[in-house]
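Trainee: I am new to this structure and would love a close look at the part where two of its helices pack together. Could you walk me through that part and how the rest of the protein is arranged around the topic?

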Amino acid sequence: AFLRLLFVMIFLGLLGNTCAEEAEDEELPGDGMDPKEIMKDMDKNADGKLTYQEILDEVMGGEDGQPEEDPEDTSEKEQLKAKLEKHFKASDSNGDEALDEAELQMLIAAFENDDEEL
C-alpha cells in the first residue's frame, strides 16, 4: 500500500502546483492527475509516449535519478515493479509498448483501483 501511494504521490509531485480545472465531461478515475503534465515530465526522449523503462526509471530512481540503495525496500520495489509491468501491459491498448496520454490515464486509474497489497 505504501509503494502504491508513493507511485501516485510521485505523479502528483511531478505536477507541482498545477490546479486541475473542472471538466465538463464525465470524470474518470485518476482525473486529478493530468497525463499531459506527467508525459511532459517523464517523457525523456520527447516522443509523446512513455515506455515502461521511462516510467520505471522515474518511479524507482532516487532524488538524483539513480536507484536508492536501501536493501530493506528491495522486496517492496520488486512487487511495485511487477505491478507496474502488469498494469502497463493492460493499459497499452494498441500493443506498441509505449503509453500515449489516454493509455497513461488508464495506467493511473489501474494503480488507483488496485486493492492488492504490496
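**A helix pair and its surroundings**

Mentor: Happy to. Of the 118 residues in the protein, 34% are buried. Please keep in mind that this is a predicted model.

Let us begin with the overall layout. The protein has five helices and two strands, and along the sequence they follow the pattern α-α-β-α-α-β-α. Among the contacts with a separation of 6 or more, 63% join residues that are 24 or more positions apart.

Now to the helix pair you asked about, H3 and H4. Helix H3 covers residues 52-60 and helix H4 covers residues 74-91. Their axes are 11 Å apart, and the two helices pack at an angle of about 150°. An angle over 145 degrees counts as roughly antiparallel, so H3 is roughly antiparallel to H4. The crossing of H3 and H4 is right-handed.

Which residues make the contact between H3 and H4? From H3 come Tyr52, Ile55, Leu56, Val59 and Met60, while H4 brings Lys77, Leu80, Lys81, Leu84, Glu85 and Phe88. Sorted by type, the residues of this contact are eight nonpolar, no polar and three charged. If you colour the picture by residue type, try finding Lys77, Lys81 and Glu85 on the H4 side.

Two names from that contact lead us on to the core. The largest nonpolar core has 18 residues, and Ile55 and Leu84 are among those with the most contacts inside it, together with Ile38, Leu50, Leu104 and Leu107. Helices H2 (35-42), H3, H4 and H5 (101-112) are the elements that each give two or more residues to this core. The largest share, five residues, comes from H3.

H4 also has a residue worth a closer look, His87. Is His87 buried or exposed? Its relative accessibility is 8%, and because anything under 20% counts as buried, His87 is a buried residue. Setting aside neighbours within four places in sequence, His87 is in contact with Leu107, Ala110, Phe111 and Asp114. Leu107 is a name you have met already, as one of the core residues with the most contacts.

From there we can step over to helix H5, where Gln105 lies. With a relative accessible area of 11%, Gln105 is buried as well. Gln105 and Met33 are 72 residues apart along the chain, yet their C-alpha atoms are separated by 8.3 Å.

To finish, let us visit two loops. Ala46 sits in the loop between H2 and strand S1 (50-51). Although Ala46 is not a glycine, it has a positive phi of about 55°. What is the relative accessible area of Ala46? The value is 66%, so Ala46 is exposed.

The other loop lies between H4 and strand S2 (98-99), and Glu97 is found there. Glu97 has a positive phi too, near 65°, in a residue other than glycine. Its relative accessible area is 62%, so Glu97 is exposed.

With these stops in mind, you can trace a path through the picture: start at the contact of H3 with H4, go on to the buried His87 in H4, and end at Glu97 in the loop between H4 and S2.

Technical notes
Residues are numbered from 1 along each chain as its sequence is written. This is a predicted model: local features need pLDDT of at least 70, side-chain atom pairs count only at pLDDT 80 or more; totals for chains, interfaces and linings use all residues. Side-chain values use heavy atoms; hydrogens and water are left out. A nonpolar core is a set of buried Ala, Val, Leu, Ile, Met, Phe, Trp, Tyr and Cys residues joined through side-chain atoms within 4.5 Å. Buried means under 20% relative accessible area, exposed over 50%, partly exposed in between (1.4 Å probe, protein chains only). Helices (H or I, at least four residues) and strands (E, at least two) are DSSP runs, numbered from the N terminus. Axes are lines fitted to C-alpha atoms, for helices over the stretch in contact, and angles run from 0 to 180 degrees between N-to-C directions. Angles under 35 degrees count as roughly parallel, over 145 as roughly antiparallel, 65 to 115 as roughly perpendicular and the rest as oblique. A crossing is left-handed if the near helix is turned anticlockwise from the far one by less than a right angle, and right-handed if clockwise. Contact means heavy atoms within 4.5 Å. Ala, Val, Leu, Ile, Met, Phe, Trp, Tyr, Cys and Pro count as nonpolar, Asp, Glu, Lys and Arg as charged, and the others, Gly among them, as polar.
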